[in-house]
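Q: Hi, could you help me look over a structure, going one feature at a time? I'm new to this, so plain sentences would suit me well.

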Amino acid sequence: MLEQLAQAWAATSDLEVVSVSFGLAYVILAARENSWCWPCALIGTGTAVVLFYEGMLPMESALNAYYLIMAVYGWWCWQRKLPDNSSHLPIRSWSAKEHITSIGTVAFLCLLSGYSLSQHTDAALPYLDSFTTWSAVITTWMVTRKVLENWLYWIVINSASIYLFISREFYLYAILFLLYVIIAVWGYFQWRSNYRSQTA
């Protein structure tokens, strides 16, 4: 096992190391509601665009291009003053209707793009790649708006991503996403505590 990990580390590119490092910094800072998570996201996702494109995961590459845009938007949302002159975007919780709408949208887009990729490209694991991509699109937007349940979504998405990355031999990314699952659990309880404090 240790020998396999050593071989995986030796095969890891510098680009993947940079991408993983800033990706980990992003999620830890996000869990702490620190707006510096967004500059870290900008660097981590910029390198990931190239990494996944070269690894024949087009949906993951496109997803990270979307993350670049959301990193700028997230920074703006978390920094701007609100109409009530407060400088802190509050955490909110989605209703059941909002969750049903988002999950239904993800399912539809996943089937649509998964079928298209399986028919017209040589993409690896097109349906799983589509699921992680479209789920992350909605969930990232939830983070920019500080929706509490984003962390629950990330637990599912990151768990699926672990298998996806192992299948493409992105072992460092697989380890990163295992850490993401753990941090997502911590982030949920951290945000839930803050949410209860702000609504008390």
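**Two helices and a cavity**

A: In this predicted model, the axes of helix H3 (residues 37-54) and helix H4 (residues 58-79) come within 8 Å and cross at roughly 170°.

Q: OK, so are H3 and H4 roughly parallel or roughly antiparallel to each other?

A: H3 and H4 are roughly antiparallel to each other, because angles over 145 degrees are counted that way.

Q: Which residues make the contact?

A: On the H3 side the contact residues include Trp-38, Leu-42, Thr-45, Val-49 and Phe-52, and on the H4 side they include Glu-60, Asn-64, Tyr-67, Leu-68 and Trp-75.

Q: And what does that contact look like by class?

A: The contact of H3 with H4 has 17 nonpolar residues, together with 5 polar and 1 charged.

Q: Switching topic: how many cavities of 30 Å³ or more turn up in the whole structure?

A: The search of the whole structure finds 1 cavity of that size, and about 420 Å³ of space lies in the largest cavity.

Q: Which residues are closest to its centre?

A: The largest cavity is lined by 32 residues, and those closest to its centre are Tyr-26, Thr-45, Tyr-67, Phe-177 and Tyr-180.

Q: Which helices supply the lining, then?

A: At least two lining residues each come from helix H2 (14-31), H3, H4, helix H6 (126-144), helix H7 (150-167) and helix H8 (171-199), and the largest share, 7 residues, comes from H7.

Q: How does the lining divide by class?

A: The lining of the largest cavity divides into 21 nonpolar, 10 polar and 1 charged residues.

Conventions
Residues are numbered from 1 along each chain as its sequence is written. This is a predicted model: local features need pLDDT of at least 70, side-chain atom pairs count only at pLDDT 80 or more; totals for chains, interfaces and linings use all residues. Side-chain values use heavy atoms; hydrogens and water are left out. Axes are lines fitted to C-alpha atoms, for helices over the stretch in contact, and angles run from 0 to 180 degrees between N-to-C directions. Helices (H or I, at least four residues) and strands (E, at least two) are DSSP runs, numbered from the N terminus. Angles under 35 degrees count as roughly parallel, over 145 as roughly antiparallel, 65 to 115 as roughly perpendicular and the rest as oblique. Contact means heavy atoms within 4.5 Å. Ala, Val, Leu, Ile, Met, Phe, Trp, Tyr, Cys and Pro count as nonpolar, Asp, Glu, Lys and Arg as charged, and the others, Gly among them, as polar. On a 1 Å grid over the protein atoms alone, a cavity is a set of points where a 1.4 Å probe fits but cannot get out, and a pocket is an open set with protein on both sides within 12 Å along at least five of seven lines; lining residues have an atom within 4 Å of a point. Grid points are joined across faces, edges and corners, and a volume is the space filled by probe spheres set on the points.
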